[in-house]
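Q: I should like to learn how to read a protein structure feature by feature. May we begin with the strands and then turn to the side chains?

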Amino acid sequence: MNYKSAHEVKKILSLKSEWAFIDIRETAEYGRGHPFFVSHVPYSILEARIGLYVPRKGTKLILFDGGNGISEKAATHLEAMGYTDVIILKWGITAWRDAGYALYEGISAPSKSFGEVVEHELGTISITAEQLKTRMDAGDDNFIILDGRTPEEFNRMTIPSSTSCPNAELSLRYKAMLKRPDQDIIVNCAGRTRSLIGAETLRQLDIPNKVYALENGTMGWKLAGLELEYGAERTYPNNIDDNIVTETQQKADELINKHDIPVVSLDTLNEWRVDDSKTTFQYDVRTREEYEAGHVNGFRHTPGGQLVQATDQWFATRNGRIVLFDPLKIRAVMTAIWLKGMGHDAYILDPDTVKELEHVDEFDIDVSGLEFIGAAELKNTDAMILDARPSGEYRKGHIEGAIWTSRANLSKMKITGKPIVIGADLFTAQFIVKDLGGNAIISLTEADEWQAADIKLVSTPDIPTDEERIDFMFHTHARHSGNMEHAREYLRWETGLMDQMDDQERGTLKPLKV
């Protein structure tokens with residue numbers, strides 16, 4: 001095994017060549033604290049996800065864990081997959097902490113830190129919940145509120161009267177949503193980052209409207225004692241006037257020239273695709289409906305706003321190429337502007353060189369060599385049952401005697417006989433079977449099937465304990481579940497990110513100015 005100290009790893013993070021820093025711990029452990037530059041690829045689904053995050057097998061790949069030996073297992077699997085430069089941070093999180101390096105709670109520290117830097121350097125103008133509510137109560141209708149999150153997040157909760165318009169879509173659709181051309185535009189999210197980036201996205205367009213970020217988003221609204229709206233379905237218009245499309249394409253070309261964003265042909269991209277010396281990521285930043293209707297072969301659907309909001313959840317390789325596609329260009333251009341500001345090498349695929357689009361392909365999992373068992377056969381079994389569903393589902397109800405587990409804690413368990421692995425999906429269950437040497441049976445059955453088979457079920461509200469629930473991130477959950485102290489703490493964390501960064505981390509964040 002190739003071990004490196006925390007100091008040696010820290011030096012690697014300043015290299016201009018490609019590297020990837022991967023936290024392989026499970027969700028809760030990752031959320032409690034991780035290095036700034038890591039991407040999260042949990043060991044439980046490592047082999048399935050690593051190719052998306054680190055597609056080039058020759059990339060310098062650094063593994064980060066809790067100092068519990070999981071990195072050694074992961075390195076063995078990765079080397080068997082063909083990765084040739086796997087490094088283990090010796091002693092994991094303990095070594096990083098002892099070296100005096102910062103650990104960041106929550107998720108997507110680089111992107112959320114970038115939002116704070118954007119506000120600081122670009123002078124984003126915000127409006128408080130109280131100021132907005134005053135305008136509402138006064139009958140002021142000279143503004144619109146656009147929610148820059150995903151449609152699913154918008155539906156769960158939003159500011160009353162707001163309309164769903166994910167950040168990447170703002171540059172294309174905002175004008176079609178104005179009731180009057182001079183209306184103010186207020187962009188909100190749940191906290192801060194997408195409000196700030198959304199507002200600055202519109203400012204990049206140099207529009208005449210006043211643009212505000214809603215300070216602290218829906219959390220700020222709730223903390224002000226105001227009521228949120230739940231289940232809203234208002235959304236952006238799908239069809240855009242041809243004149244607006246023409247305007248946005250002209251603006252895209254202006255921004256490309258202003259910020260020197262490289263535009264590449266499909267022929268050039270095809271050359272990059274077979275270049276084994278450098279990674280090329282390919283992202284289609286449009287809506288899912290547009291993507292499914294037809295996309296460029298090899299491009300992954302990645303809404304531009306989400307890519308900027310959470311770069312570490314989409315790729316891990318630093319210093320590779322990122323190619324973005326939008327046939328109308330403006331959404332790819334705005335995404336590229338923010339990615340370049342975060343230190344990434346972003347390109348636009350020239351839509352005029354694309355002659356053919358394809359539809360979404362189905363993804364199949366190879367089930368050869370796997371053994372399955374149905375609900376009826378579970379009733380009278382005396383085999384050990386390992387329940388690998390989410391810990392919350394296990395707490396609600398599980399087969400009496402079944403033991404909750406995940407791939408990451410198998411080594412702590414005493415496995416007897418040929419166990420049955422109950423999984424919520426084949427995706428995760430197959431890797432548990434792999435670590436058991438293939439000596440296990442999979443059951444993808446659910447609670448209603450167990451009840452139909454007259455199998456006794458039990459609920460255990462405190463088992464696994466909160467500490468044992470390594471698959472559940474309390475940091476994210478609590479602030480969205482009405483816990484106002486957690487919301488305050490989250491906002492304190494987000495606004496404190498700039499102070500937490502060291503020179504190496506801060507030096508990668510240089511937003512491009514209007």
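A: A strand is a DSSP run of E residues, at least two long, and strands are numbered from the N terminus. In this predicted model, Thr280 has its place in strand β12, which covers residues 280-284.

Q: In which sheet order does β12 appear?

A: The open sheet has five strands in the order β11-β15-β14-β12-β13, with parallel pairing. β11 (263-264) and β13 (300-301) stand at the edges with a single partner strand each, so one side of each has no neighbour in the sheet.

Q: How many bridges join β14 and β15?

A: Strand β14 (residues 321-325) pairs with strand β15 (residues 345-349) in the parallel sense over four bridges. Within this region, Ile322 stands opposite Ala346 of β15.

Q: Is Thr280 buried or exposed?

A: A residue counts as buried when its relative accessible area is under 20%. Thr280 has 14% and is therefore buried.

Q: Which residues does Thr280 touch, leaving aside those up to four places away in sequence?

A: Thr280 touches Leu269, Trp272, Arg321 and Val323. With Arg321 there is also a polar contact between the side chains, at 2.9 Å.

Q: How should aromatic pairs be read, and how many does the structure hold?

A: One considers the distance between ring centres and the angle between ring planes. The structure holds 14 aromatic pairs. One of them joins Tyr283 and Phe315: the centres are 6.4 Å apart, the planes are at 35 degrees, and the pair is tilted. Tyr283 lies in strand β12 and Phe315 in the loop between α15 (304-309) and β14, so the pair ties together parts 32 residues apart in sequence. Both Tyr283 and Phe315 are buried. Elsewhere, Trp19, Phe36, Phe37 and Tyr104 form one aromatic cluster.

Q: Where does the charged end of Arg407 sit?

A: The charged end of Arg407 sits over the ring of Tyr43, 4.1 Å from the ring centre. Likewise, the charged end of Arg469 sits over the ring of Phe472, at 4.3 Å from the centre.

Q: How many disulfides does a search of the whole structure find?

A: The search finds zero disulfides. Cys165 is in none, and the nearest cysteine sulfur, that of Cys189, is 14 Å away.

Q: Why is Cys189 not bonded to Cys165?

A: A disulfide needs two cysteine sulfur atoms within 2.5 Å. The sulfur of Cys189 is 14 Å from that of Cys165, its closest cysteine sulfur, which is too far for a bond. Cys165 is buried, at 0% relative accessibility, and Cys189 is buried with a relative accessible area of 3%.

Terms used:
Residues numbered from 1 in each chain as written. Predicted model: local features only at pLDDT ≥ 70, side-chain atom pairs only at ≥ 80, totals over all residues. Heavy atoms only, no water. Buried < 20%, exposed > 50% of the residue type's maximum accessible area, 1.4 Å probe, protein only. Pairing = 2+ DSSP bridges. Contact = heavy atoms within 4.5 Å. Polar contact = N/O pair within 3.5 Å; in protein donor to acceptor, adjacent residues only side chain to side chain. Phe/Tyr/Trp six-rings, centres within 6.5 Å; stacked < 30°, edge-to-face > 60°. Lys NZ or Arg CZ within 6 Å of the ring centre and 35° of its normal.
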